[in-house]
Amino acid sequence: MPLPDIRDAATMIDEGRMEPARTLLQNILHSAPSHLSARVLLARILESEGNLDSALLMWKQAALYG
């Protein structure tokens, strides 16, 4: 089964639709844990929600995979 297009999640974020974007990104990461763009976008969502500890962890993981 192909992964969803990461651009869909980016569009959702730009439109302020964080929950569906988060779900899509989590699904991508479940299938492809090293997907760098999914980690970066998820970090952006976490930052926008003020969840800075989780955002920092996601950024660190993105750096490890990048």
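Colleague: Is leucine 36 buried, partly exposed or exposed?
Modeller: In this predicted model, leucine 36 belongs to helix H3. Its relative accessible area is 35%, and the buried class ends under 20% while the exposed class begins over 50%. Leucine 36 is therefore partly exposed.

Colleague: Which residues does leucine 36 contact, once neighbours within four places in sequence are left aside?
Modeller: Leucine 36 is one of the H3 residues that meet H4. With neighbours within four places in sequence set aside, the contacts of leucine 36 are Ala62 and Gly66.

Colleague: What distance separates the C-alpha atoms of leucine 36 and leucine 46?
Modeller: Both leucines are among the H3 residues that meet H4. They stand ten residues apart along the chain. Their C-alpha atoms are separated by 15 Å.

Colleague: Are H3 and H4 roughly parallel or roughly antiparallel to each other?
Modeller: The axes of H3 and H4 come within 8 Å and cross at roughly 165°. Angles over 145 degrees fall in the antiparallel class, and the crossing is left-handed. H3 and H4 are therefore roughly antiparallel.

Colleague: How many nonpolar, polar and charged residues does the contact of H3 with H4 have?
Modeller: On the H3 side, the residues include Leu36, Val40, Leu42 and Leu46, together with Arg39, Arg44 and Glu47. On the H4 side, they include Leu52, Met58, Trp59 and Tyr65, together with Ser54 and Gln61. By class, the contact of H3 with H4 has eleven nonpolar, two polar and three charged residues.

Colleague: Are H1 and H3 roughly parallel or roughly antiparallel to each other?
Modeller: Helix H1, residues 6-14, packs with helix H3, residues 36-48, at an angle of about 15°. Their axes are 10 Å apart, and their crossing is left-handed. Angles under 35 degrees count as parallel in this scheme. H1 and H3 are therefore roughly parallel.

Colleague: Which residues of H3 make the contact with H1?
Modeller: From H1, the contact draws on Ile6, Ala9, Ala10, Ile13 and Asp14. By class, the contact of H1 with H3 has seven nonpolar, one polar and two charged residues. Its H3 members are Ser37, Ala38, Leu41, Arg44 and Ile45.

Colleague: Which helix gives the most to the largest nonpolar core?
Modeller: This core has 16 residues, and those with the most contacts inside it are Ile13, Leu25, Leu42 and Ile45. H1, H2, H3 and H4 each supply at least two of its residues. With six residues, the helix that gives the most is H3.

Colleague: Which residues does isoleucine 13 touch, not counting residues up to four places away in sequence?
Modeller: Isoleucine 13 is among the residues with the most contacts inside the core, and it also takes part in the contact of H1 with H3. Not counting residues up to four places away in sequence, isoleucine 13 touches Met18, Ala21, Leu25, Leu41, Arg44 and Ile45.

Colleague: Does arginine 22 count as buried or exposed?
Modeller: Arginine 22 lies in helix H2. Beyond four places in sequence, it touches Leu42, Ile45, Leu46 and Glu49. Its relative accessibility is 13%, and the cut-off for burial is under 20%. Arginine 22 therefore counts as buried.

Colleague: Does alanine 32 count as buried or exposed?
Modeller: Alanine 32 is placed in the loop between H2 and H3. Its C-alpha atom is separated by 19 Å from that of arginine 44, twelve residues apart along the chain. At 18% relative accessibility, alanine 32 counts as buried.

Technical notes: Residues are numbered from 1 along each chain as its sequence is written. This is a predicted model: local features need pLDDT of at least 70, side-chain atom pairs count only at pLDDT 80 or more; totals for chains, interfaces and linings use all residues. Side-chain values use heavy atoms; hydrogens and water are left out. Axes are lines fitted to C-alpha atoms, for helices over the stretch in contact, and angles run from 0 to 180 degrees between N-to-C directions. Helices (H or I, at least four residues) and strands (E, at least two) are DSSP runs, numbered from the N terminus. Angles under 35 degrees count as roughly parallel, over 145 as roughly antiparallel, 65 to 115 as roughly perpendicular and the rest as oblique. A crossing is left-handed if the near helix is turned anticlockwise from the far one by less than a right angle, and right-handed if clockwise. Contact means heavy atoms within 4.5 Å. Ala, Val, Leu, Ile, Met, Phe, Trp, Tyr, Cys and Pro count as nonpolar, Asp, Glu, Lys and Arg as charged, and the others, Gly among them, as polar. A nonpolar core is a set of buried Ala, Val, Leu, Ile, Met, Phe, Trp, Tyr and Cys residues joined through side-chain atoms within 4.5 Å. Buried means under 20% relative accessible area, exposed over 50%, partly exposed in between (1.4 Å probe, protein chains only).
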